[in-house]
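Trainee: I have this model open and would like to study one part of it closely. Could you walk me through a single strand and what surrounds it?

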Amino acid sequence: MTTTRPAVLIVDDYTTTCSRCGKGARTQDTHHTQLLSGWGTPDPLDTPCGQPFVAISTRRLEITTDQLTEMRPDLPAYAAGDLPADLR
């Protein structure tokens, strides 16, 4: 049986990415269906993974779970380093 790693929105200072494929993601999307660039234009051949976002997290210590919850109140929020093993 093959399991698919879940997709988590990873918020940084200036970008948001999908943990599953590592490509830019829009914070408000429920699934990774659109690419969002960070510092430049996405490669036109790149495609998003299409997975649903199951949580929101960050790698930045200064971004709090309250801030993450404010961005996406519908998703569980995890501070930097607190993402459960099954979501990594």
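**A close look at β1**

Mentor: Happy to! Let's begin with a pairing: β1 and β3 run parallel and are joined by 5 bridges. Within that pairing, Val8 of β1 stands opposite Ala55 in β3. Do keep in mind that this is a predicted model.

Now look at the other partner. β1 also pairs with β2, residues 16–18, through 3 bridges, and these two strands run antiparallel. For Ile10, the bridge partner in β2 is Thr17. If you trace the chain from β1 to β2, you pass through a hairpin of 4 residues.

Next, is β1 buried or exposed? Of its 5 residues, 5 are buried, so the strand is largely enclosed by the rest of the structure. To see how, consider the two sides. In a regular strand, side chains alternate between the two faces of the sheet. Here, Ala7, Leu9 and Val11 are on one side of β1, Val8 and Ile10 are on the other, and all of them are buried, which leaves both faces covered.

What do these residues join? In soluble globular proteins, nonpolar side chains tend to be buried together. The largest nonpolar core of this model has 10 residues, and Ala7, Leu9 and Val11 are among them. Other members include Cys18, Ala25, Phe53, Ile56 and Ile63, along with Leu68 and Leu75. Two elements, β1 (7–11) and β3 (53–58), each give two or more residues to this core. β1 gives the most, with 3 residues. The other side of the strand has its own story: Val8 and Ile10 belong to a second, separate core of 5 residues, which also includes Ala55 and Leu87.

Cys18 is a good residue to click on. Setting aside neighbours within four places in sequence, Cys18 is in contact with Ala7 and Val8 of the strand we are following, and also with Lys23, Ala25, His32, Cys49 and Phe53.

Finally, let's step back to the protein chain. It has 1 helix and 4 strands, and from the N terminus on, the elements run β-β-β-α-β. Buried residues make up 31% of its 88 residues. Among contacts with a separation of 6 or more, 38% link residues 24 or more positions apart. The accessible surface of the chain is about 5600 Å², and 50% of that belongs to carbon and sulfur atoms.

Terms used: Residues are numbered from 1 along each chain as its sequence is written. This is a predicted model: local features need pLDDT of at least 70, side-chain atom pairs count only at pLDDT 80 or more; totals for chains, interfaces and linings use all residues. Side-chain values use heavy atoms; hydrogens and water are left out. A nonpolar core is a set of buried Ala, Val, Leu, Ile, Met, Phe, Trp, Tyr and Cys residues joined through side-chain atoms within 4.5 Å. Buried means under 20% relative accessible area, exposed over 50%, partly exposed in between (1.4 Å probe, protein chains only). Contact means heavy atoms within 4.5 Å. Two strands pair if DSSP finds at least two bridges between them. Accessible areas come from the Shrake-Rupley method with a 1.4 Å probe; for residues, only the protein chains shown count as cover.
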